[in-house]
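Visitor: Please pick a single spot in this model and take a close look at it. Then show me what surrounds it, step by step.

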Amino acid sequence: MSAIWVDADACPNVIKEVLFRAAERAQVPLTLVANQMLRVPPSRFIRTMRVASGFDVADNEIVRLVEDGDLVITSDIPLAAEVLAKNAWVVTPRGERYTEETIRERLTIRDFMDTLRASGIQTGGPAALNQKDRQQFASELERWLRERAR
């Protein structure tokens, strides 16, 4: 049975709420992985997994547990690349779906931005999550749920 895994430390609450409703409606297991305590609604489909603090601890646990066909919600591009290698779906909280075709470009851009930041150039952060992002996320989630149902 396919499952949803969330890199939950950086996932916006509004996206978690969308996931909670979808997990209940579709009766799909949803696991939020974080290095802190999280509040989730009572449900037999929703659970949290607290991991130790540390660099990539939550990411490594998701990679270890994810299976073919699962869905992972993350903005972490290296994590996305590892998950794609296990034949799982990856969607960002903004609704961007990473694929084998797009992940190489995203890794290159990420590395370039890291180089700029390391040289002292201010690159800023991402824009605030907006309604269009939430709609795009919900659309990609529904697409995965339809695929899963087949």
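Guide: Start at Asn87. It counts as partly exposed, because its relative accessibility is 48%, and exposed would need over 50%. Keep in mind that this is a predicted model. Asn87 sits in the loop that links H3 to S5. Its phi is positive, about 65°, although Asn87 is not a glycine. Most residues other than glycine have a negative phi. Asp56 also shows a positive phi of about 65° and is not a glycine either. You find Asp56 in the loop between S3 and helix H2, residues 57-65. Asp56 has a relative accessible area of 29%, so it is partly exposed.

Now follow the loop of Asn87 outward. It joins H3 and S5, and S5 belongs to a sheet. That sheet is open and has six strands, in the order S3-S2-S1-S4-S5-S6, with mixed pairing. At its edges lie S3 (46-50) and S6 (97-98), each pairing on one side only. Strands of a sheet pair through backbone hydrogen bonds, either parallel or antiparallel. Take one pair as an example. S1 (residues 4-7) and S2 (residues 30-34) run parallel and share four bridges. One residue to look at there is Val6, whose bridge partner in S2 is Leu32.

Helices pack on this sheet. H1 (residues 13-26) touches S1, S2, S3 and S4 (71-73), and its direction makes about 150° with that of S2. H3 (residues 77-85) touches S1, S4, S5 (89-91) and S6, and its direction makes about 160° with that of S5. So the loop of Asn87 connects a helix and a strand that also touch each other.

H3 has a helix partner too. H2 and H3 pack at an angle of about 10°, with axes 9 Å apart. The two helices are therefore roughly parallel to each other; the cut-off for that label is under 35 degrees. On the H2 side, the contact uses Asp59, Ile62 and Val63. On the H3 side, it uses Leu79, Glu82 and Val83. Look next at what H2 hides. Its buried residues are Ala58, Asp59, Glu61, Ile62 and Val63. Their cover includes S1, S2, S3, S4 and H3.

Next, go inside. The largest nonpolar core has 25 residues. Ile4, Val6, Leu19, Leu30, Ile73 and Leu141 have the most contacts within it. S1, H1, S2, S4, S5 and helix H5 (131-149) each give two or more residues to this core. H1 gives the most, with six. Leu141 shows how distant stretches meet. Leaving out residues up to four places away in sequence, Leu141 touches Ile4, Val18, Leu19, Ala22 and Leu71. There is also a second, separate core of 18 residues. Among its members are Val51, Ala58, Val63 and Ile77. You have met two of these names already: Ala58 and Val63 are among the buried residues of H2.

Val51 leads to another loop. Its C-alpha atom is 4.8 Å from that of Asn35, although the two residues are 16 apart along the chain. Asn35 lies in the loop between S2 and S3. With a relative accessibility of 26%, Asn35 counts as partly exposed. Beyond its neighbours within four places, Asn35 is in contact with Asp9, Arg50, Val51, Ala52, Ser53 and Gly54. Arg44 is placed in the loop between S2 and S3 as well. Arg44 counts as exposed, at 70% relative accessibility. Outside its own neighbours within four places, Arg44 is in contact with Glu24 and Gln27. Arg44 and Glu24 are 20 residues apart in sequence, and their C-alpha atoms are 8.5 Å apart.

Finally, step back. The chain has five helices and six strands. Along the sequence they follow the pattern β-α-β-β-α-β-α-β-β-α-α. Of its 150 residues, 39% count as buried. The chain exposes about 8800 Å², and carbon and sulfur atoms supply 50% of that. Consider contacts between residues at least 6 apart in sequence: 50% of them join residues at least 24 apart. Now return to Asn87, in its loop between H3 and S5, and trace the route again for yourself.

Technical notes:
Residues are numbered from 1 along each chain as its sequence is written. This is a predicted model: local features need pLDDT of at least 70, side-chain atom pairs count only at pLDDT 80 or more; totals for chains, interfaces and linings use all residues. Side-chain values use heavy atoms; hydrogens and water are left out. Two strands pair if DSSP finds at least two bridges between them. Contact means heavy atoms within 4.5 Å. Axes are lines fitted to C-alpha atoms, for helices over the stretch in contact, and angles run from 0 to 180 degrees between N-to-C directions. A nonpolar core is a set of buried Ala, Val, Leu, Ile, Met, Phe, Trp, Tyr and Cys residues joined through side-chain atoms within 4.5 Å. Buried means under 20% relative accessible area, exposed over 50%, partly exposed in between (1.4 Å probe, protein chains only). Accessible areas come from the Shrake-Rupley method with a 1.4 Å probe; for residues, only the protein chains shown count as cover. Angles under 35 degrees count as roughly parallel, over 145 as roughly antiparallel, 65 to 115 as roughly perpendicular and the rest as oblique.
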